Amino acid sequence: MAPTTDSAGNTEDAAAARASLETLRTEIAKAVVGQDPAVTGLVVALLCRGHVLLEGVPGVAKTLLVRALASALELDTKRVQFTPDLMPSDVTGSLVYDTRTAEFSFQPGPVFTNLLLADEINRTPPKTQSSLLEAMEERQVTVDGTPRPLPEPFLVAATQNPVEYEGTYPLPEAQLDRFLLKLTIPLPSREDEIDVLTRHASGFDPRDLRAAGVRPVAGPADLEAARAAVAETTVSAEITAYVVDICRATRQSPSLTLGVSPRGATALLAAARAWAWLTGRDYVTPDDVKALALPALRHRVQLRPEAEMEGVTADSVINSVLAQVPVPR
């Protein structure tokens, strides 16, 4: 029997995959309160084969959010706590001498997984931070001249504290550009914070997500079907030009020393495409582009010192650009 097609032009497998990925929000909400935008961003990154940087002050459940995502997905996951004394080989792995065979053998590091939680990534020096560059871009690790492919799917979900906090190292621009999205995790609203405390008072243990009822609801097959459907999502020439115009406008902003690169334009288009499919459409609209502009671009621009002193932020510059660039009709 030929596969039937739903109204969005996706096969039944793709429709089932979309339903499974939407269920992720419900599962993660069993452990994390009020972070739907961040959950959506993580799902978009999975669909785009991209990576996510989560930024927020300590104590807003950044790590718990990624752990809950890992529990709701049937994927292998590992965690690395980035510290000032962490070495690159602690992440990628190294050659180990085997006395029984008198030979060196490769001992894989924690990067050989599907979902890598890089916790507090900006608390380790740039040398160790850069050890992830090849893994994030090429999806492989080269040790002693031998490239070793990483599992598929592969996602780095990195958390960081704001750079003005003590003991942090700014991420190199080259590494920031490897993240598809940068998601900011805000402090919860009063109602959400009451909900958090109520859960803890009722016995919720953030270290035991199974007890909280978080169960796997999606897996590699769902991601594969979803990615295939996203690849079929239509992008018009007008939308492509709109994305390019937004990114080019950042390069002309007087508040920035560094605008968005072509890689950033590609990331914005890919994220908008995934978001369009998640919302049930097989085509991208300008609203999809606007919805993903901040998380896709905020970490790819660099403010002038004088603009930063005046209180200008990357988000405000991007919002200004979005307001000025003509929207296709």
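This is a walk through the structure, one selection at a time.

Before you click, note that the model is predicted: local features need pLDDT of at least 70, side-chain atom pairs count only at pLDDT 80 or more, and totals for chains, interfaces and linings use all residues. Residues are numbered from 1 along each chain as its sequence is written, and side-chain values use heavy atoms, with hydrogens and water left out.

**Stop 1: helix 2**

Select residues 36–48, which make up helix 2. Helices here are DSSP runs of H or I with at least four residues, strands are runs of E with at least two, and both are numbered from the N terminus. The end C-alpha atoms of helix 2 are 18 Å apart, in agreement with the 18 Å that its 13 residues should span. That expected span is 1.5 Å times one less than the number of residues.

Now colour by accessibility. Buried means under 20% relative accessible area, exposed means over 50%, and partly exposed is in between (1.4 Å probe, protein chains only). Helix 2 is largely enclosed by the rest of the structure, because 10 of its 13 residues are buried. Among them are Val39, Thr40, Leu42 and Leu46. Step just past the helix to Arg49, where phi is positive, about 60°.

**Stop 2: the cysteines**

Pick Cys48 and look for a partner. The closest cysteine sulfur belongs to Cys247 and is 14 Å from that of Cys48, too far for a bond. With a disulfide taken as a pair of cysteine sulfur atoms within 2.5 Å, the count comes to 0. Cys247 itself is buried, because its relative accessibility is 0%.

**Stop 3: strand 5 and its partners**

Show residues 115–119. All 5 of the 5 residues of strand 5 are buried, so the strand is largely enclosed by the rest of the structure. In a regular strand the side chains alternate between the two faces of the sheet. Here Leu115, Leu117 and Asp119 sit on one side, Leu116 and Ala118 on the other, and both faces are covered.

Add the partners next; two strands count as paired if DSSP finds at least two bridges between them. Strand 2 (residues 77–81) runs parallel to strand 5 and is joined to it by 5 bridges, with Gln81 partnering Asp119. Strand 8 (residues 155–160) also runs parallel to strand 5, through 4 bridges, and there Ala118 is matched with Ala158.

**Stop 4: a hairpin and Asp90**

Strand 3 (residues 93–98) and strand 4 (residues 103–108) pair in the antiparallel sense, over 6 bridges. One of the pairs to label is Ser94 with Gln107. The hairpin has 4 residues between the strands, and Ala102 takes a positive phi near 60°.

Then go to Asp90, in helix 4 (residues 88–92). Asp90 counts as partly exposed because its relative accessibility is 39%. Its side chain reaches the backbone nitrogen of Met87 at 2.9 Å. That is a polar contact: a pair of N or O atoms within 3.5 Å where, within protein, one must be able to donate a hydrogen and the other to accept it, and residues adjacent in sequence count only if both atoms are side-chain atoms. Leaving aside neighbours within four places in sequence, Asp90 is in contact (heavy atoms within 4.5 Å) with Asp85 and Pro110.

**Stop 5: helix 12 and the core**

Select residues 286–297. Helix 12 is mostly covered, with 9 of its 12 residues buried. Which elements do those buried residues pack against? They pack against strand 9 (181–184), helix 10 (237–251), helix 11 (262–278) and helix 14 (314–324).

Val289 is worth a close-up. Setting aside residues within four places in sequence, Val289 is in contact with Ile239, Tyr242, Val243, Ile246, Leu268, Ala272 and Val284. A nonpolar core is a set of buried Ala, Val, Leu, Ile, Met, Phe, Trp, Tyr and Cys residues joined through side-chain atoms within 4.5 Å. In the largest one, of 74 residues, Val289 is among those that touch the most other members, along with Leu21, Leu47, Leu65, Trp277 and Leu297. Helix 11 gives the most to this core, 9 residues. Another core of 23 residues lies apart from it, including Phe106 and Phe154.

**Last stop: Arg300**

Arg300 lies in the loop between helix 12 and strand 11 (302–303). Is Arg300 buried or exposed? It is buried, with a relative accessible area of 5%. Its side chain makes a polar contact of 2.7 Å with that of Asp177. Beyond four places in sequence, the residues that Arg300 touches include Asp177, Phe179, Leu258 and Arg263.
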